[in-house]
Amino acid sequence: MAAPMVNFYFQLIAFAFLHQCTGTSPEEFFKSGHTNNWAVLVDTSRFWFNYRHVANVLSIYRSCKRLGIPDSRIILMVADDMACNPRNPRPATVFNNANNQINVYGDDVEVDYRGYEVTVENFIRVLTGRLPPSTPRSKRLLSDEHSNVLVYMTGHGGDGFLKFQDAEEISNVELADAFEQMWQKRRYHEVFFMIDTCQAESMFQKFYSPNILAVASSKVGEDSLSHHVDPSIGVYVIDRYTYYALEFLETVTPGSKKTMGQFLEVCPKYQCISTVAKRTDLFRRDVNKVLLTDFFGSVRNVELLPDSIHLQNATLHTHSEDSSDVKSDKPLSYAQQFPMPV
Amino acid sequence: MGLLTDPKRQKKIVEAISKYNNWLCVLCYLSGVIGFLALAYQPLNGATYFSENALLPGLVTNEFYAEINMNALASELKEEFNKEKRKVPREWIYNHLREIGLDTYIQNYSIKYPLDIAKGQNIPGQNVYGILRAKRSASTEAVVLTTPMRPKDSDLPSTTGGIVLMLAMAKYFRRQTYWSKDIIFLVSDHEQIGLQAWLDGYHDIKSEYIVPSDVMGRSGAIQAAINLEIPDGNIRYFDIKIEGMNGQLPNLDLFNLVVKICNQEGVDVSFHRNFDPMDAQSVDGYVQSVKTMLEMMWSQAAGTPSGNHGLFHKYHIEAVTLQGIRRKNSNYAFPLERTGRILEGIFRSLNNLLERFHQSFFFYILPGTRNYISIGMYMPPFAVAIWVTLKKDQENEDKEKKKEKEKSEKEGEEDEDREGKHTEEELEKEVEELRKTIMDEDVEEEAAAEGLISIMPVILISLMMGVFSYTGPDFITMFLTTF
């Protein structure tokens with residue numbers, strides 16, 4: 001009965017509350033134009049000596065979750081199981097730092113594509129949505145034209161390719177075409193593409209779809225380097241670019257006003273040793289005005305009503321209308337459970 | 001026409017070479033030998049590096065400490081050895097391995113000596129081995145830590161330190177959860193024969209002279225093996241031995257791994273009892289490098305393995321021997337625990353392996369522990385040196401051809417003189433010339449064939465020698481028994 005009224009007041013309060021917290025003007029809330037966030041995080045390397053790639057992707061996963069993207073909106077693809085590898089002296093854990101000992105594996109990690117399921121074909125099918133009907137919902141990228149998608153890839157790469165599973169490669173042309181398919185199918189609003197491999201710049205050089213912002217850990221001809229060894233485990237635990245990116249992300253809260261422009265400047269040459277490359281020409285907005293949480297977090301925007309709306313006491317009317325409708329002979333049916341994305 | 005395909009130029013080159021043939025041969029041989037020896041000079045060869053990414057050598061800190069009192073155990077073991085000078089304390093070792101909790105087995109085998117040396121008696125032997133199963137992975141692969149048992153009256157230095165260390169390591173390794181391969185602790189007797197019996201039994205190979213009984217406890221495919229020859233007491237430095245049967249060598253990655261871990265623990269390591277020279281570019285350094293290189297080649301040429309490790313190579317198992325060298329009253333000697341840490345580092349690296357060693361070189365010569373000469377580097381000077389033999393053979397062929405040609409040319413001239421005056425028979429002359437050329441070709445072919453025939457006896461004799469040395473002992477044994 002009073003539901004719409006309560007709703008309105010709630011929204012007003014919520015708006016005021018948010019306004020208190022962030023101290024910005026309402027106009028800024030809707031500049032982004034997206035309504036939901038997705039993340040596709042891919043680690044393509046197998047074998048124990050590629051421990052750091054798994055630590056990379058799990059660290060980004062943790063950051064995304066912390067900033068608000070739920071597991072249902074994250075597609076996590078991890079090519080090998082480091083936590084349960086017999087060589088792991090700390091079973092069921094994956095650490096990304098020798099000192100701080102943050103277990104990025106934890107007991108609430110949800111890996112959607114594991115082990116040998118991480119293939120080039122599956123990755124492109126996830127991006128383009130061309131999955132067989134039997135694929136469960138958790139393995140689908142159900143994004144729409146208002147979704148901001150974060151794509152993070154790590155592993156071993158080269159000039160123009162990224163190695164998947166020690167058996168196959170994805171080329172930069174295929175990746176660019178996959179993004180173009182996404183654009184034509186209206187499967188994203190904006191994409192932030194982040195890649196931490198050797199010669200990573202080559203992977204985004206062929207992009208030609210609009211609204212893609214890309215950053216890579218090294219230029220063509222350069223190797224991305226790992227950061228440090230954990231001597232108690234006996235492997236390199238994290239890569240340089242991801243390490244400094246995480247350092248930056250740790251200062252970000254869900255309501256933070258840090259911009260993508262700041263994020264793109266993370267890890268200068270003296271820290272990363274390789275040169276961080278970025279691609280902003282396809283992106284329509286100015287990166288210095290784009291919030292970091294537009295891609296890494298999932299900030300729920302609130303619909304602002306600047307004018308007051310006089311709502312009629314319409315509930316009584318609707319009730320009576322509904323009751324009259326019940327007697328109509330239109331059969332009831334369930335809504336389609338899994339609406340197939342076209 | 002190119003330089004080498006133009007027949008005229010070819011002829012010129014061949015003639016030039018033939019003229020200075022002897023000088024060229026001497027020059028080639030000398031330059032080949034000198035080039036070969038020059039490879040030991042440090043700027044001319046390469047520094048060793050790791051080819052296998054998976055090894056991750058030396059990244060993990062080694063935390064081995066002996067939970068048992070190794071000295072007490074060592075003196076106990078020495079007493080056991082002293083009890084009977086010609087026997088080895090198998091039961092003692094078996095009981096200790098069992099106590100630690102490994103799957104322990106004794107393998108029996110008997111040796112049948114060829115040539116009737118033992119007058120038809122079969123000599124029995126027993127190997128003791130324990131398998132440490134990897135808790136979190138299937139027993140599809142294994143690595144071996146082995147040491148030979150030597151009775152008191154053996155000429156070779158004792159290995160009691162190694163046996164005690166193996167027991168301590170087995171106890172420490174058993175508590176760790178990070179093994180992806182089984183570890184087989186093998187104590188063999190009768191030196192190489194015992195180890196060969198174990199390997200034959202493990203891989204189910206039957207031989208006429210070494211008859212192993214079935215190996216009851218088995219693990220998976222063996223990826224690598226470390227052989228220890230460590231005496232009791234404090235060790236001054238390690239000597240690494242790599243030469244196997246028929247000069248086969250282990251993968252260079254394994255050698256580099258052992259050297260790196262030893263260096264990491266601050267232990268001196270030598271190769272053929274030579275340390276790396278202080279200044280490799282000085283004359284003394286160069287002489288030392290050449291000495292090491294030649295000693296290694298000499299040891300390989302003998303064909304017998306320099307240690308028990310040599311028997312593993314035949315099965316594509318990379319193996320090296322770590323021999324501990326003692327020096328009396330040395331200040332730099334270190335206790336067995338340090339060796340334990342070295343072995344722990346080596347085994348943790350071997351644990352990381354996913355495939356057999358295949359990335360690094362199998363054919364190489366080492367002038368020291370930090371440099372290597374690969375087959376690509378030592379083949380060219382060697383080829384230049386033996387080009388002499390090919391040259392000499394070519395020379396013989398050429399000489400034969402020349403003789404035949406001169407003979408046929410003379411005949412041709414005589415024929416021409418005889419028939420040149422008749423114009424009607426110019427056609428005939430042409431026909432005759434054609435026939436002569438065909439005959440010349442035949443003659444040349446004969447000459448070439450003769451060249452081949454001249455080296456056939458050499459080839460046949462070498463083949464026969466090979467066959468005889470292979471089947472000889474069998475034959476002689478048969479004949480001796482009939483007489």
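A residue counts as buried when its relative accessible area is under 20%. I start there since the cysteines come up first. Please keep in mind that this is a predicted model.

A:Cys64 has 0% relative accessibility, so by that cut-off A:Cys64 is buried.

Now the disulfides. How many does the structure hold over all chains? One. The partners are A:Cys267 and A:Cys272, with an S to S distance of 1.9 Å. The angle about the S-S bond is 105°, and the link between A:Cys267 and A:Cys272 is right-handed. Both A:Cys267 and A:Cys272 are buried. As for A:Cys64, that residue takes part in no disulfide; its nearest cysteine sulfur belongs to A:Cys267 and lies 18 Å away.

On to chain B. Why does B:Cys25 have no bond to B:Cys28? The closest cysteine sulfur to that of B:Cys25 is in B:Cys28, and at 6.8 Å it is too far for a bond, because a disulfide needs the two sulfur atoms within 2.5 Å. B:Cys25 has a relative accessible area of 5%, so B:Cys25 is buried as well.

Last item, a pair of strands in chain A. Strand E10 of chain A covers residues 226-230, and strand E11 of chain A covers residues 235-239. E10(A) and E11(A) pair in the antiparallel sense, over four bridges. Within that pairing, A:His228 is opposite A:Ile238 of E11(A). The two strands, E10(A) and E11(A), make a hairpin, and four residues lie between them. In the turn, A:Gly234 has a positive phi, about 95°.

Key: Residues are numbered from 1 along each chain as its sequence is written. Chains are lettered from A and ligands numbered from 1 in the order in which they are written. This is a predicted model: local features need pLDDT of at least 70, side-chain atom pairs count only at pLDDT 80 or more; totals for chains, interfaces and linings use all residues. Side-chain values use heavy atoms; hydrogens and water are left out. Buried means under 20% relative accessible area, exposed over 50%, partly exposed in between (1.4 Å probe, protein chains only). Two strands pair if DSSP finds at least two bridges between them.
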